[in-house]
Amino acid sequence: MDLSSINGEVIGLVLALLASGAVAGLLAGLFGIGGGAVLVPVLYQFLTWLGVDESVRMHVSVATSLGIIVPTSLRSFLAHKMRGAVDLALLKSWLIPVPAGVVAASLVAAYVSGDGLKAIFAGIAVVVGLRMLFNRESWRLGTDIPGNPIRPICGALIGFFSTLMGIGGGVMNNTFMTLYGRPIHQAVATSSGTGVLISIPGVVGMVWAGWGHADLPAFSLGYVNLLGVALIIPVTTFAAPFGVKIAHALPRRQLEVFFGLFLLTVAARFAWSLWG
């Protein structure tokens with residue numbers, strides 16, 4: 001292959017990763033997510049281009065996304081907290097259940113196939129996306145978030161499935177809170193805190209789960225690829241507060257529709273890779 005062609009592809013790849021980081025950062029603030037729903041498919045294509053073994057490609061995408069989510073979620077959480085929009089009581093009640101779900105997911109990640117991770121990602125994104133897109137005020141499970149045992153169980157499930165998807169938990173936490181009557185803006189703000197509870201232990205768990213695997217790409221620590229983390233983190237961290245400003249300027253229904261369309265688009269990408 002011509003060297004100039006290789007250099008051109010590398011430059012294009014770097015630019016694409018930086019652009020995806022900017023979009024992910026905006027989405028982190030806008031939807032209360034860490035951008036993983038955007039980053040996972042982008043990183044998967046990046047690893048495909050590099051020829052990384054199929055058996056670890058999705059795992060590395062998910063784990064690296066979690067690594068990128070750590071600073072993005074922290075900055076989004078602090079920005080939302082300054083506006084007084086975060087339900088701190090809910091987050092405190094999830095200090096144990098959410099990380100417990102993350103630990104369980106890390107154990108599962110060591111054994112589930114790449115196609116299994118894709119199916120989990122796409123399936124949850126479709127369900128939540130349709131719910132947000134066709135949301136009705138009558139769609140409620142209650143007038144307020146329940147206590148024990150439902151709350152800790154839901155927290156653990158959010159941590160579990162979010163880790164396997166490589167996301168910060170906003171996808172499911174937004175749905176959970178709005179189904180129990182909380183405003184979408186409060187759900188978005190609180191989800192940024194959920195991302196902190198998921199991403200930090202998630203990174204540790206994914207490093208452990210992939211430790212010593214023979215087919216990992218260069219610059220990997222377990223399943224976490226440090227090169228991808230280093231390229232995208234600065235951009236997502238810078239862009240997140242702009243997403244927060246947009247979130248607080250949009251009407252509730254517009255935010256729900258945008259969120260639903262976004263999730264369905266992501267699900268379609270993964271469905272195509274599975275069955276296309």
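1. A quick definition before we start: a residue counts as buried when its relative accessible area is under 20%, as exposed when that area is over 50%, and as partly exposed in between, using a 1.4 Å probe and protein chains only. Threonine 175 has 11% relative accessibility, so it counts as buried.

2. Now for what you're looking at. This is a predicted model, where local features need pLDDT of at least 70, side-chain atom pairs count only at pLDDT 80 or more, and totals for chains, interfaces and linings use all residues. Residues are numbered from 1 along each chain as its sequence is written, and side-chain values use heavy atoms, with hydrogens and water left out.

3. The overall layout comes next. The protein chain has 11 helices and 2 strands; here helices (H or I, at least four residues) and strands (E, at least two) are DSSP runs, numbered from the N terminus. Along the sequence, the pattern reads α-α-α-α-α-α-α-α-α-β-β-α-α. The radius of gyration is 18 Å, close to the 19 Å that the globule rule gives for 276 residues, so the chain is as compact as a globular protein of that length. That radius is taken over C-alpha atoms, and the rule is 2.2 Å times the number of residues to the power 0.38. Along the principal axes, the C-alpha atoms fill a box of roughly 60 × 35 × 35 Å.

4. How much of the chain is buried? Buried residues make up 55% of the 276 residues. As for contacts (heavy atoms within 4.5 Å), take those between residues at least 6 apart in sequence: 81% of them join residues at least 24 apart.

5. The UniProt record is worth a look too. An unreviewed entry there lists residues 12-44, 56-78, 90-111, 187-211, 223-243 and 255-275 under "transmembrane region". Its positions use the numbering used here, feature names are shortened, and annotations may be inferred rather than shown by experiment. In the model, the span 90-111 is 77% helix and 0% strand, with its end C-alpha atoms 32 Å apart. Residues 223-243 are 86% helix and 10% strand, and there the end C-alpha atoms lie 29 Å apart.

6. Let's zoom in on helix 2, residues 36-50. Its 15 residues reach 20 Å from first C-alpha to last, close to the 21 Å expected at 1.5 Å a residue; the expected span is 1.5 Å times one less than the number of residues. Its buried residues include Gly36, Pro41, Tyr44 and Leu47. Phenylalanine 46 is in this helix as well, and with a relative accessible area of 8% it is buried. Right after helix 2 comes glycine 51, whose phi is positive, near 80°. Most residues other than glycine have a negative phi, and most peptide bonds are trans.

7. What kind of peptide bond joins asparagine 148 and proline 149? It is a cis bond, with omega about 0°. Proline 149 sits in the loop between helix 6 (114-133) and helix 7 (150-165). Helix 6 has 20 residues and reaches 28 Å, close to the 28 Å expected. Among the buried residues of helix 6 are Lys118, Phe121, Val128 and Arg131.

8. Back to threonine 175, which is in helix 8 (residues 170-179). Leaving out residues up to four places away in sequence, threonine 175 touches Val128 and Arg131. Threonine 163, in helix 7, has 0% relative accessibility and counts as buried. With the same kind of neighbours left out, up to four places away, threonine 163 touches Val62, Leu66, Val102, Ala105, Ser106, Ile198 and Met206.

9. On to the nonpolar core, meaning a set of buried Ala, Val, Leu, Ile, Met, Phe, Trp, Tyr and Cys residues joined through side-chain atoms within 4.5 Å. Which members of the 75-residue largest core touch the most others? They are Phe121, Val171, Phe176, Met206, Tyr223 and Phe262. Helix 9 (residues 184-209) gives the largest share of this core, 11 residues. Outside its neighbours within four places in sequence, the contacts of tyrosine 223 include Val56, His59, Ala109 and Met206.

10. Last, the aromatics. Rings of Phe, Tyr and Trp (its six-membered ring) pair if their centres lie within 6.5 Å; planes under 30 degrees apart count as stacked, over 60 as edge-to-face and the rest as tilted. That rule gives 4 aromatic pairs. In one of them, phenylalanine 160 and phenylalanine 161 have ring centres 5.1 Å apart and planes at 85°, so the pair is edge-to-face. Phenylalanine 160 is buried at 19%, while phenylalanine 161 is partly exposed at 28%. Trp94, Phe176 and Tyr180 form one aromatic cluster.
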